[in-house]
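Q: I have a structure open and don't know it yet. Can you walk me through it?

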Amino acid sequence: MSLNDPKWGKGGGDNRGGDGNQGPPDLDELWRDFNRRLSGMFGKNPGRGGGSGDGDGGGRLPEFNFRQFGGGIGLIAAFAAVIWLASGFYIVDASQRGIVLQFGRFQEATEPGLRWRLPYPIQTHELVNLTGVRTVEIGYRGSERNKVLKEALMLTDDENIVNIQFAVQYVLKDPQQYLFNNRNADDSVIQAAETAVREIVGKSKMDFVLYEGREQVAANAQKLTQEILDRYATGIQVSKVTMQNAQPPEQVQAAFDDAVKAGQDRERQKNEGQAYANDVIPRARGAASRLIEESEAYKGRVVAQAEGDASRFKQVYAEYAKAPEVTRQRMYIETMQQVFSNSSKVLVDSRGSGNLLYLPLDKLIQSTASPAASTPAIDAVAQPGRPATVPGIPESNVSPPRVDALSGEARSTRDSIRNRERGER
């Protein structure tokens, strides 16, 4: 509708439909309709017009209908009260705990399920997740390349600086302490964990922190961090402390790598030396033990032989005391038999006979060298006037070789022994 229309605002037609006019409603008509409704609420007859002064009641104030107005307000108030009371219902999940606050002060802790409290502003509630694992990073943010040197650089007991990055995982164990004793739980965990790690690293050597003691440092840090958080009643339970990276600062990384290589070479050489020692020492100990056993055996043999010789000498001496002459002759004969048994010479008693004897020396030497013929001595005795004979050799083969005759003393001794033996018989 154009604003230059002469009927605009004059109510020249019915704009509420019927005549096919689809333009917007007239403002004057809307205002009159609002006045009629308001007059009806206060008990005024809407047919008389509002505030025109015509008729009997033109100069009187409208009468207020308290019954009608009170019924509408009560219905609205009842509906609002129902909505207000219904706002006190809330649901607590299985992984959560509910904390009810009355005028900002702790009232109670609720278990999972559908719960109700007094509506706001009398009571409010907070839902705390107890099973969710929260993680904070110390010494880095996001990845190990994004270092936070203010948190990562620490001083060891041997006055070396190390760069340590670690992460702390925690859960909530007491929702009341978590809500009322913490301003920021992550900051509390970061500060407590950093304090614990700095204390442990400050009491340890650099090699222990970087290599063999990383797991122990993490375990001790978890224990000490938990003690600090419990001391401040934060309601936080530390589940794990993980060492992400531990290394020297970048400025001395090259020199540190050289020192590590030198240490590895030292360990390798020590292992090689230990392997060589493990090979040589047992063999030396075995040889020493063998020599000791051999010496003990030699000692026992010598001692036993000496004791046997001493015992035999005592027995011979006892027999010598009984018959000195017989014993002396017997010892002489046994000695000569032992000497001649190992000799290759043949002794012939010829008693001045000039007969030449032929003896096969090669066969005699062979017989004396063999075990069967080496024990008995060769006793070739020539009778006067006949050639000497040798056991096992035909008499015809015996020829007179070079002969060593017995001396007169030896013959007399032999004869005396034979005569004595005949007399004893």
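**Starting with a helix**

A: Helix α7 is a good place to begin: its buried residues are V217, A218, A221, L224, T225, Q226, I228 and L229. One caution is that this is a predicted model.

Q: What do the buried residues of α7 pack against?

A: They pack against α5, α6 and β11, the last being residues 236–247.

Q: How far apart are the end C-alpha atoms of α7?

A: They are 26 Å apart. Helix α7 has 18 residues, 214–231, and at 1.5 Å a residue it should span 26 Å, so the two values agree.

Q: What comes just after α7?

A: A233 comes just after α7, with a positive phi of about 55°. A233 lies in the loop between α7 and β11.

Q: Is A233 buried, partly exposed or exposed?

A: A233 is partly exposed, because its relative accessible area is 24% and buried would need under 20%.

Q: Why mention the sign of phi?

A: Because most residues other than glycine have a negative phi. A233 is a residue other than glycine with a positive value.

Q: Where is F103, which also isn't a glycine and has a positive phi?

A: F103 is in the loop between β2 (96–102) and β3. Its phi is about 55°. F103 is exposed, with a relative accessible area of 64%.

Q: And the peptide bonds? Which residues does a cis one join?

A: A cis peptide bond joins Y120 and P121, with omega about 10°. P121 sits in the loop between β4 and β5. For background, most peptide bonds are trans.

Q: Where is L118?

A: L118 is found in the loop between β4 and β5 (123–129). L118 is partly exposed, at 33% relative accessible area.

Q: Which residues form the nonpolar patch on the surface?

A: The patch is formed by W84, L85, F89, I91, L114, W116 and L118. Together they have about 710 Å² of accessible area.

Q: Which elements each supply at least two residues of that patch?

A: They are α2 (66–86), β1 (89–92) and β4 (113–116).

Q: Switching to rings. How many aromatic pairs are there?

A: The count comes to 3 aromatic pairs. In one of them, the rings of F106 and F180 have centres 6.2 Å apart and planes at 85°, so this pair is edge-to-face.

Q: What does that pair tie together?

A: F106 lies in strand β3 (residues 105–110) and F180 in helix α4 (residues 175–180), so the pair ties together parts that are 74 residues apart in sequence.

Q: Are those two buried, partly exposed or exposed?

A: F106 is partly exposed, with a relative accessible area of 27%. F180 also counts as partly exposed, at 38% relative accessibility.

Q: How about Y211 and F256: stacked or edge-to-face?

A: Y211 and F256 are stacked, 6.5 Å centre to centre with 5° between the planes. Y211 lies in the loop between α6 and α7, while F256 lies in helix α8 (residues 253–322), so this pair ties together parts 45 residues apart in sequence.

Q: And how covered is each: buried, partly exposed or exposed?

A: Y211 counts as partly exposed at 40% relative accessibility, whereas F256 is buried, with a relative accessible area of 14%.

Q: One more residue. Where is S204?

A: S204 is in the loop between α5 (185–202) and α6 (206–210).

Q: Buried or exposed?

A: S204 is buried, because its relative accessible area is 10% and the cut-off for buried is under 20%.

Q: What is S204 in contact with?

A: Leaving aside neighbours within four places in sequence, S204 is in contact with T156, D157, D158 and V209.

Q: Now the whole chain. How many helices and strands does the protein chain have?

A: The protein chain has 12 helices and 11 strands. Of its 425 residues, 22% are buried.

Q: What area does the chain expose?

A: The protein chain exposes about 29,800 Å², and carbon and sulfur atoms supply 53% of that area.

Q: Last one: what share of contacts comes from residues 24 or more positions apart?

A: Among contacts with a separation of 6 or more, such residues account for 65%.

Note on methods
Residues numbered from 1 in each chain as written. Predicted model: local features only at pLDDT ≥ 70, side-chain atom pairs only at ≥ 80, totals over all residues. Heavy atoms only, no water. Helix = DSSP H or I, 4+ residues; strand = E, 2+ residues; numbered from the N terminus. Buried < 20%, exposed > 50% of the residue type's maximum accessible area, 1.4 Å probe, protein only. Contact = heavy atoms within 4.5 Å. Expected span 1.5 Å × (residues − 1). Patch = residues over 30% accessible without salt bridge, like charges linked within 9 Å, V, L, I, M, F, W, Y side chains within 5 Å. Areas by Shrake-Rupley, 256 points an atom, 1.4 Å probe, with all protein chains shown as cover. Salt bridge = Lys/Arg side-chain N within 4 Å of Asp/Glu carboxyl O. Phe/Tyr/Trp six-rings, centres within 6.5 Å; stacked < 30°, edge-to-face > 60°.
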